[in-house]
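User: I'm new to this structure and would like to learn how to read its features one by one. Could you walk me through them?

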Amino acid sequence: MKKSLGHISAFIAYSIFGFNIIICRDLSTLALISPMGLFCFRAIGAAALFWFVSLFLPQEKVEKSDFPKIFLASMLGLFLTQVSFLKASTMTTPFDTSILTPLTPIFTMFIAAIVLKEPITLKKAGGVALSFVGVIFLVFNTVRAGGGVTETQPMGIVYMIGNCIFFALYLGAFRPLITKYSVVTFMKWMFLFSAIVAIPFDIKELASLNIATLPTKYLLELGFLILFATFIAYFLIPVGQKVLRPTVISLYGYLQPIIATVMGIVTGMDRLTWQKVLAAALVFTGVILVNRSRAASS
């Protein structure tokens, strides 16, 4: 039952992230708020929501020795991951972003093997490889609409690879810490630390920004970014992390291009083909294989 809840949580969280890619790219393209500014809004908004929710729950004491670990987790899982992605979204084409994102589960598998001693079994490696092939196959068989960045800059690639490595480190190294505390307790400190670090970098923009002048569509997308793609999604990911191995969690990231493809089909910007069905089947088969591979304790 717990594993089923973990899979459902990961599925919903990464489905939200699938929509988030499109929203972030739209917000970044309009350039009304800088990438750092967007992250500040996410961090401040989510921190406020998690601390508010914590007022209605039993108070949980965090050991002093764990605060440096939570701070490092917040830097890898939130600050560096999100800022690098938002910066990359202004410097890479949608196609190149889609090609680079699937590297995260590969990095996660190796990091979990080193830090958590999770064995890289033939079944696990095969599952990761199968899902990787599936998502790359999907990328190459997807018709994309124009708009956004038309040429990828070298630094955009560096930011995307950094994004993959940072989140892989978070998923692969911090499961023991995440299982130690409730989701709300862990996340309220994660986002508080991220907000404290981010605000000084963007204080001038935040002080001069007039929210009332922003278009309604932009404000609605910003609201989605804070409430759904940050507060709800980052509440659900630790739920999955508590019961699923890091590589399994990371493979759900492959839902993002699938969600983007489904949205394209629904809106008439793309079409359903046997290649897309096959790609989705490869991705989910890979997830099943990794989920059934033996753990370190086996």
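User: Let's begin with enclosed space. How many cavities of 30 Å³ or more are there?

Analyst: Happy to start there. This is a predicted model, and the count comes to one cavity of 30 Å³ or more. The largest cavity holds about 320 Å³ of space.

User: Which residues lie nearest the centre of the largest cavity?

Analyst: Look for Tyr14, Thr101, Asn163, Phe167 and Gln256, which lie nearest the centre among the 20 residues of the lining. Helices H1 (2-30), H3 (67-88), H5 (103-115) and H7 (154-173) are the elements that each give two or more residues to that lining.

User: And what classes of residue make up the lining of the largest cavity?

Analyst: By class, 11 are nonpolar and nine are polar, with no charged residues in the lining.

User: Next, cysteines. How many disulfides does a search of the whole structure find?

Analyst: The general idea comes first: a disulfide is a covalent bond between the sulfur atoms of two cysteines. Here, the search of the whole structure finds zero disulfides. You can still look up individual cysteines: Cys40 has a relative accessible area of 1% and is therefore buried. Cys164 is also at 1% relative accessibility, so Cys164 counts as buried.

User: How should I read aromatic rings, and how many aromatic pairs are there in the whole structure?

Analyst: A pair of aromatic rings is described by the distance of the centres and the angle of the planes. A search of the whole structure finds 17 aromatic pairs. One of them joins Phe67 and Trp189, with 4.9 Å centre to centre and 75° between the planes, an edge-to-face arrangement. This pair links distant parts of the chain, as Phe67 sits in helix H3 and Trp189 in helix H9 (residues 183-208), 122 residues apart.

User: Is Phe67 buried, exposed or partly exposed, and why?

Analyst: Phe67 is partly exposed, because its relative accessible area is 23%, a value between the 20% and 50% cut-offs.

User: Which rings are linked into a cluster?

Analyst: Ring pairs link Tyr14, Phe17, Phe50, Phe191, Phe231 and Tyr234 into a cluster. You have met Tyr14 already, among the residues nearest the centre of the largest cavity. A ring can also have a charge over its face: Lys188 lies over Trp51, at 4.2 Å from the ring centre.

User: Now the backbone. What stands out about the phi of Lys117?

Analyst: Lys117 has a positive phi of about 60°, although Lys117 is not a glycine. You will find Lys117 in the loop between H5 and helix H6 (122-140). Its relative accessibility is 61%, so Lys117 counts as exposed.

User: Which residues can show me how parts of the chain that are apart in sequence sit in space?

Analyst: Try Gly162 in helix H7. Gly162 and Ser84 are 78 residues apart in sequence, with 6.8 Å between their C-alpha atoms. Gly162 counts as buried because its relative accessibility is 14%.

Then take Leu86 in helix H3: the C-alpha atoms of Leu86 and Leu27 are separated by 9.5 Å, with their places 59 residues apart along the chain. Leu86 is at 0% relative accessibility and so counts as buried.

User: And where is Ile33 found?

Analyst: Ile33 is in the loop between H1 and helix H2 (35-54). With a relative accessible area of 2%, Ile33 is therefore buried. The C-alpha atoms of Ile33 and Leu214 are separated by 9.6 Å, and the two residues are 181 apart along the chain.

Conventions:
Residues are numbered from 1 along each chain as its sequence is written. This is a predicted model: local features need pLDDT of at least 70, side-chain atom pairs count only at pLDDT 80 or more; totals for chains, interfaces and linings use all residues. Side-chain values use heavy atoms; hydrogens and water are left out. On a 1 Å grid over the protein atoms alone, a cavity is a set of points where a 1.4 Å probe fits but cannot get out, and a pocket is an open set with protein on both sides within 12 Å along at least five of seven lines; lining residues have an atom within 4 Å of a point. Grid points are joined across faces, edges and corners, and a volume is the space filled by probe spheres set on the points. Helices (H or I, at least four residues) and strands (E, at least two) are DSSP runs, numbered from the N terminus. Ala, Val, Leu, Ile, Met, Phe, Trp, Tyr, Cys and Pro count as nonpolar, Asp, Glu, Lys and Arg as charged, and the others, Gly among them, as polar. A disulfide is a pair of cysteine sulfur atoms within 2.5 Å. Buried means under 20% relative accessible area, exposed over 50%, partly exposed in between (1.4 Å probe, protein chains only). Rings of Phe, Tyr and Trp (its six-membered ring) pair if their centres lie within 6.5 Å; planes under 30 degrees apart count as stacked, over 60 as edge-to-face and the rest as tilted. A charge sits over a ring if NZ of Lys or CZ of Arg is within 6 Å of the ring centre and within 35 degrees of the ring normal.
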